[in-house]
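I am opening a notebook on this structure and will write down what I looked up, entry by entry. The sequence and the coordinates come first, and my notes follow.

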Amino acid sequence: MKKLISLIRALPGWSSGFSVRFAWLFLFFIGFIALFGPWIANEKPYYCKLDGQSYFPLFTSVSESGFSSKHPSHSPVNWHTTKFESVWRTPIPFGYRTIDLKAGSYISPFADQAGNNRFRHWLGTDALGRDVLAGMIRGCRVSLLIGLGSMLIALLIGVPLGSAAAWWGNKGWRLTILQFIIMLFTCTVVFLVWFTPITILTKSLVSVFLVLAAIYLLWKSRSYSRGRIAVPIDQLVMGWVSIIDGFPALFLILILVAIVPLKGWVVVMLTIALLRWPSMARYMRAEVFKMKESNYIKAAQILNVPSWQILRRHIVPYAFRPVMISFVFGVSSAILAESSLSFLGIGLPTEEINWGRLLAQSRNHFDAWWLVLFPGSAIFFTLLSLYTIGNAWQKLSEK
Amino acid sequence: MFRSLLRRCLNALVLLGVISIIAFYLSKLVPGDEVLDYLSLDDSKYAASVDPLEQRVAYARVAKKRSLDLPLFYLSVLPSNYPDSLFLILPVSDRQTVKKWAQASNQKEGTIDLYHDLQRGLGYACPLADASPAANQLCQMVSELLHTHDLFSAHHIILRHHSLIAKDSSATPETLAILDTLNKDIELLVRSTGKPQMAKWLPVFYWHGTHNQYHQWMGGFITFKPLTSLIDGRNAWSKIFDALSWTLLLNGLAFILAIVLGVLIGLWSGRHDGLKKERVVNIILFTLFALPSFWLATLFIYFLSSGEWLSIFPAGGLGPYHSASNVFQKWAVLLTHLTLPVLCLALGSLAYISRQMKQSVVNQFHQPYVLSLRSLGVSEKTILRKHVFRNALFPVITMIGGALPALLSGSLIIEVIFSIPGMGRLMYTSLVARDWPVVFPILMFGAAITVFSYILTDVIYKWADPRVKSLET
């Protein structure tokens, strides 16, 4: 417990004010709901007893039809209406996909709702009669997953590329002629392999093996400053950054959703990552440029520490804090992007529900204020918390 | 300086070329057949005819007219087991089938022979389909084969039809001859399936010269060739300029509002940094910054225009400005309709600009020159107005340069909510309908502005602050 408290105290910005603490607590709350969402809002009960037999439907894959065939006297079994001998339900007895036909669509939270309070829709229902609270609980998971996932990918691509671009520049990384020949040779062979009439799996395995072998060879013969042929890393990286900046985000998202054969939310996550890594790389590049001029890096260079080690031990760890600050702001913009896309109905599959989708439904039904207020404030408070934390952290690092 | 500017402009042109190639390839990867989209526009009779031969002729005509029968790019690389003329086979569905056959059998001559014989069968049998049942059956069989990717099931189809047609009395010798050739062709392919041919592993390169789709498209693009939209047949350029004028009006108003108010609030809060009233303003701005614009728009519509609470403002659209009797009335109608969207767009960026401006003003107040001005007895007002203001503006100038592309590409979400026919919505509807003649100009236009706005920002920066020496970073 003491350890936990000290861990919480070590959170960035925890000691700098009430609002930051509140922001952290809110984010933990959202994270908790995202993790345990299916156990909080689900139509299946935790435990139920039928004809003297006990079941744990939420934790086993028992379905309504399975129950019906086991207990024909109760058929058809329905989680909500069947009279169980004893039952322990989840706090919100609706899944995000459960359509409550009895209550109907667009039920206001304050309206007289059919049934007892146990099955009340505390935040109303949406256009199809699904519970808004259950949908919002699902939304926590989708938003956090896409926000954090896409920014992590962006971080993993952007930080190495950005720091390499700044550190080696256009002339710093020099290859000997042998190394250059190895690189050219590998590229050619991979290219040729890609067009041979063999299966895609074999092709990929052979290509990965070839690339790894080439990297190993280059690694063993490292002499990055003595060769003759300079690799313009800075120009290459910044070229890609400008290319991605030049594309309208909407074009990439719509096209990638149409052509990438993966699940909807994975494509959305990857696309947001693709659109966000340039800013991460640019940020890292500026940071490393600043650091390159500092005295301790110059000292390390004079001591002949290999540049790879300088980067790994002295630059990337010190850039950690500014990068994390921009990571926090990046997560908020990724969440905003995800909910805007869902609001427009792009990307995620149609049966998926999240904050943006719920908010979009209010546009067809103007008096459904609960569909405006609750999902919107969930987005707003998540963004506000992230901004508050990022801002406090930035102020701390400027001191 | 001039030389480095020139070099950067050349770099920008190269980038634009790469962007156009990537966009072109991505558009070709999208599932669906572009020629079919054009068919409904160019040939209204197409849907009515069921004869496969007639359909093919119409297809080929449209493909030729839109130069979609050309290879994609200057250069193409094919695995050695694909037939040479693969990229010339039309329709696209046939090309897929031939590719699958070639992949399975590794026989490029045999595959292309089979394809040519199938076409011969189509040309012979389909015109006679009404006269003889055997020819009709052959015609149907050939169309079925052209959609069968698997060689073995194709073989089964032929064998089944062969026995049926052989019994038919209306079968002419030509029909039987065609059937026999097809059978021979496909048996050759079936026999060689699954046998890799070690000698043919190197890919083959083909050079097409300027006679390719990318070149035609890019050439037409540079020379402002008229492009027709696939959705409504209007000229794409006029569609874009209409949308652009609305976006410029909407975003321009929002931009001016955000900059003027943002700079003023930034100056004020920089001057009163740390006071209680400034902290209140700061918190309000911070909240505004975190407010998602689409939620704000939905709230505005709910509270101010849906009639649930108030209905002061119209809920969307641009209003009946066409029927206004004079200029003032027209603008009055437009402005009432644009108030809410402009506010939604401006509030978020206003918060951002004023925060940047405040930071910059506070930094300037810590500079030594402010201290010396104060010691000379210059009043605070003069310091702020004459010295701090000018120096504090630089970060804002950089930001304006960065915001330029967004100004023209439009905000899709606000345009959708308030149903304003701007660039964002045009791009969205055209992309969803795969209306490439409208999408590509918008895309290239946006890319050009993004790429050149970086250069422009540098130039403005250098002009505003002569201390900035190089254009390199």
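In which loop of chain B is Arg434(B) found? I looked this up before anything else, keeping in mind that the model is predicted. Arg434(B) is found in the loop between α18 (423-432) and α19 (436-464) of chain B. I noted that Arg434(B) has a positive phi of about 55 degrees although it is not a glycine. I then checked its exposure, and with a relative accessible area of 26% Arg434(B) is partly exposed.

**Entry: a loop residue in chain A**

I turned to Asn304(A), which is not a glycine either and yet has a positive phi of about 65 degrees. Asn304(A) lies in the loop between α10 (295-302) and α11 (307-315) of chain A. The relative accessibility of Asn304(A) is 66%, and since the cut-off for exposed is over 50%, I entered this residue as exposed.

**Entry: cysteines**

How many disulfides does the count give over all chains? I found 1 disulfide, and it joins Cys126(B) to Cys139(B), with an S to S distance of 2.1 Å. I looked up where the two partners sit: Cys126(B) is in the loop between α5 (108-125) and α6 (133-145) of chain B, while Cys139(B) is in helix α6 of chain B, 13 residues apart from its partner. The torsion about the S-S bond of Cys126(B) and Cys139(B) is about 95 degrees, so I recorded the disulfide as right-handed. Both Cys126(B) and Cys139(B) are buried. I also checked two further cysteines: Cys187(A) counts as exposed at 52% relative accessibility, whereas Cys9(B) counts as partly exposed at 27%.

**Entry: the domains of chain A**

The domain assignment divides chain A into domain 1 (12-42 + 96-173 + 235-399), domain 2 (44-89) and domain 3 (176-230). I followed up domain 1 and domain 3 of chain A, whose C-alpha centres lie 36 Å apart. Their contact takes 5 residues from domain 1 of chain A and 5 residues from domain 3 of chain A. The area buried between these two domains of chain A is about 460 Å², and carbon and sulfur atoms give 62% of that area. On the side of domain 1 of chain A, I found that Gly172(A), Trp173(A) and Trp308(A) supply 74% of the area buried against domain 3 of chain A, more than any other three residues. I searched the interface of domain 1 and domain 3 of chain A for salt bridges and found 0, and the search for residue pairs in polar contact, both at pLDDT 80 or more, also gave 0.

**Entry: Trp167(A)**

Is Trp167(A) buried or exposed? Trp167(A) has a relative accessible area of 6%, so I noted it as buried, and its place is in helix α4 (residues 132-168) of chain A. Leaving aside neighbours within four places in sequence, Trp167(A) is in contact with residues including Val288(A), Lys292(A), Ile310(A) and Leu311(A).

**Entry: the domains of chain B**

I found chain B divided into domain 1 (33-223) and domain 2 (236-464), with C-alpha centres that lie 55 Å apart. In this pair, 5 residues of domain 1 of chain B are in contact with 7 residues of domain 2 of chain B. The two domains of chain B bury about 490 Å² between them, 78% of it on carbon and sulfur atoms. I noted that Glu34(B), Trp217(B) and Phe221(B) supply 74% of the area that domain 1 of chain B buries against domain 2 of chain B, more than any other three residues. Across this interface in chain B, I found 0 salt bridges.

**Entry: where the chains meet**

How many residues of chain A are in contact with chain B? I found 45 residues of chain A in contact with 52 residues of chain B. Chain A and chain B bury about 4,300 Å² between them, 82% of it on carbon and sulfur atoms. The rule finds 0 salt bridges across the interface of chain A and chain B, while the count of residue pairs in polar contact, both at pLDDT 80 or more, is 2. Among the elements of chain A that each supply at least two residues to the side touching chain B are α5 (177-194), α12 (320-344) and α14 (369-398). The largest share of that side, 12 residues, comes from α14(A).

Note on methods: Residues numbered from 1 in each chain as written. Chains lettered and ligands numbered in written order. Predicted model: local features only at pLDDT ≥ 70, side-chain atom pairs only at ≥ 80, totals over all residues. Heavy atoms only, no water. Disulfide = S-S within 2.5 Å. Helix = DSSP H or I, 4+ residues; strand = E, 2+ residues; numbered from the N terminus. Buried < 20%, exposed > 50% of the residue type's maximum accessible area, 1.4 Å probe, protein only. Domains from an automatic or database assignment. Contact = heavy atoms within 4.5 Å. Buried area = accessible area lost by both parts, 1.4 Å probe. Salt bridge = Lys/Arg side-chain N within 4 Å of Asp/Glu carboxyl O. Polar contact = N/O pair within 3.5 Å; in protein donor to acceptor, adjacent residues only side chain to side chain.
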